[in-house]
Amino acid sequence: MSKPRLPARHRSGPVHDARRRALVLGLGASGLALSQPGAWAHEPALPPLPAFQETGFADSPLVGRIVGADGLALQPAQLLAQCAAASICMLGEQHDHPDHHALQAWVIQALAARGQLAAVALEMVDAGRRFDGPADASQGSAGPPQVSLTPMGGGSASRAWGRSQGNAGPPQVSLTPTGGGSAARPWGRSEASVRQALHWNDDGWPWALYVGPVMAAVRAGIPVVGVNLPDAEMMNAYRDPKWDASVPEAVRRSVIDDVRDSHCGLLPAAQLPAMARIQFARDASMAAGCVALLQSRRTVVLLAGSFHADKTVGIALHLAAADPVGHGAKLPGVFSLLLQGVDGDTAPRPPSGFDAVWFTPPTPPVDHCAALRKSLADKAGKP
């Protein structure tokens, strides 16, 4: 699976251009108040933040920091409050980044523990596929694991854990099975039932990366719902000129440019507008899917690539056309968090289109253009 490139509007220097993270196109709340002091006093304690797996730029002062659109630092509890205050909370990921999925699982677990989570919507699953709760997952006698935390030894605190935690560093998480059986992952058969219900495509979306956030929702009894445009509808979108008018013309041109750049300039120019239509159709599908899941006083968390979560070009532009039943003319409030791996040129605040950014270490650089050239050459060489 190709790694998504951060679109040009989200990049701040040549390092991102060199890494060429391709958009995954399916062909192959602003203004929310910070939580007030003591607002969480009656709520369950926040789950421990995960330790980052990636190690690049470990000394960067940005790694582990959360920054709002105003440039001010946020604590995890404040970020969670802003997410919970929105009807839809989009978590814009780099698809192949394990730390991004660990943070998504943390958000899902924390919101579910407070009864503030309506559903988890997934770009990775076609609309019409869903898994609805613990009754479907209770296969086998062993219950969900008990989590025990062992603090790490000396050294400076992980920035993911927070500088205010002292120098013990983030805890190591170990899982202890409950009930009968000795399986290291006692909910393994539950995972199988979830994947079957969702028709999970492991080739496109490796389950090992997504098991954390998906199963965090399942174990909390939260519906997990596919919202992406089904593959069978992609070609119709590709050919349908109605999608050209589904966004402002300036946005359409910007997306066409991103499609060209993310495919390394290797696609015929005449093909780009039609490929942009698929992007718009996918965003519209995800918007409609999220609106259908809305509940009063609860938020729908959407896991999607950062391009889709950008409120200036992505899903948010299609909410008006999603016709929110029972919500009248009022559109649902949207909060969008960018999960971003840092490099030497990363700007210290979220790009336009996001309400906050949570900085993580980067994944190792990969030449995606070389991989795309080889893929196109292989296809051209087939009889």
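Me: Before the sheet is described, what must hold for two strands to pair?

Reply: Two strands pair if DSSP finds at least two bridges between them. In this predicted model, 9 strands meet that condition in an open sheet of mixed pairing, in the order S2-S1-S11-S10-S3-S9-S4-S8-S5. Strand S2 (73–74) and strand S5 (130–131) are the edge strands, each pairing on one side only.

Me: Which helix packs on the sheet, and which strands does that helix touch?

Reply: Helix H9 (residues 272–292) packs there, touching strand S3 (88–93), strand S4 (117–126), strand S8 (224–228) and strand S9 (299–305). The direction of H9 makes about 150° with that of S8.

Me: How should the pairing around S9 be read, and which residues stand opposite one another in S3 and S9?

Reply: One takes the sense of each pairing and then a pair of partners. S3 and S9 pair in the parallel sense over 6 bridges, and Glu93 stands opposite Gly305 in S9. On the S4 side, the pairing with S9 is also parallel, over 5 bridges, with Leu122 opposite Leu303. Because 7 of the 7 residues of S9 are buried, this strand is largely enclosed by the rest of the structure.

Me: In which sense does S8 run relative to S4, parallel or antiparallel?

Reply: S4 and S8 run parallel and are joined by 4 bridges; in that pairing Val120 stands opposite Val224. S5 and S8, by contrast, run antiparallel and are joined by 2 bridges, where Phe131 stands opposite Val224.

Me: Which residues point each way from S8, and are they buried or exposed?

Reply: Val224, Gly226 and Asn228 point one way, Val225 and Val227 point the other way, and all are buried. The strand is accordingly mostly covered, with 5 of its 5 residues buried.

Me: What is found further along the sheet, where S10 pairs with S11?

Reply: Strand S10 (residues 334–341) and strand S11 (residues 356–360) pair in the parallel sense over 5 bridges. Within this pairing, Trp358 in S11 is the bridge partner of Leu339.

Me: How is a nonpolar core to be read, and which members touch the most others?

Reply: In soluble globular proteins, nonpolar side chains tend to be buried together. Here the largest nonpolar core has 75 residues, of which Leu122, Trp200, Val214, Val301 and Trp358 touch the most other members. Beyond its neighbours within four places in sequence, Leu122 is in contact with residues including Trp200, Val214, Val224, Gly226, Asn228 and Leu303. Another core, of 19 residues, lies apart from the largest one; Leu229, Met234, Val247 and Val259 are among its members.

Me: At what angle do helices H8 and H9 pack?

Reply: Helix H8 (residues 249–262) and H9 pack at an angle of about 110°, and their axes are 9 Å apart. Angles of 65 to 115 degrees count as roughly perpendicular, and H8 and H9 are therefore roughly perpendicular to each other. Arg252, Val255, Ile256, Val259 and Arg260 in H8 meet Leu272, Pro273, Met275, Ala276, Gln279 and Phe280 in H9. By class, this contact has 8 nonpolar, 1 polar and 2 charged residues.

Me: Taking one residue of H8, is Ile256 buried or exposed?

Reply: Buried means under 20% relative accessible area; Ile256, at 13% relative accessibility, therefore counts as buried. Leaving aside neighbours within four places in sequence, Ile256 is in contact with Leu272, Pro273 and Ala276. Ile256 and Gln279 are 23 residues apart in sequence, and their C-alpha atoms are 9.6 Å apart in space.

Me: How does the packing of H3 with H6 read, and at what angle do they pack?

Reply: Helix H3 (residues 98–113) and H6 pack at an angle of about 5°, with axes 8 Å apart. H3 and H6 are therefore roughly parallel to each other. Pro98, His101, Gln104, Ala105 and Ile108 in H3 meet Leu209, Tyr210, Gly212, Pro213, Ala216 and Ala217 in H6. This contact has 8 nonpolar, 3 polar and no charged residues.

Me: Where does His199, with its positive phi, lie?

Reply: His199 lies in the loop between helix H5 (188–198) and helix H6 (207–219); its phi is about 55° although it is not a glycine. Arg297, in the loop between H9 and S9, also has a positive phi, near 65°, and is a residue other than glycine. At 78% relative accessibility, Arg297 counts as exposed.

Notes
Residues numbered from 1 in each chain as written. Predicted model: local features only at pLDDT ≥ 70, side-chain atom pairs only at ≥ 80, totals over all residues. Heavy atoms only, no water. Contact = heavy atoms within 4.5 Å. Axes fitted to C-alpha atoms, helices over the stretch in contact; angles between N-to-C directions. Parallel < 35°, antiparallel > 145°, perpendicular 65-115°, else oblique. Nonpolar A, V, L, I, M, F, W, Y, C, P; charged D, E, K, R; others polar. Core = buried A, V, L, I, M, F, W, Y, C linked by side-chain atoms within 4.5 Å. Buried < 20%, exposed > 50% of the residue type's maximum accessible area, 1.4 Å probe, protein only.
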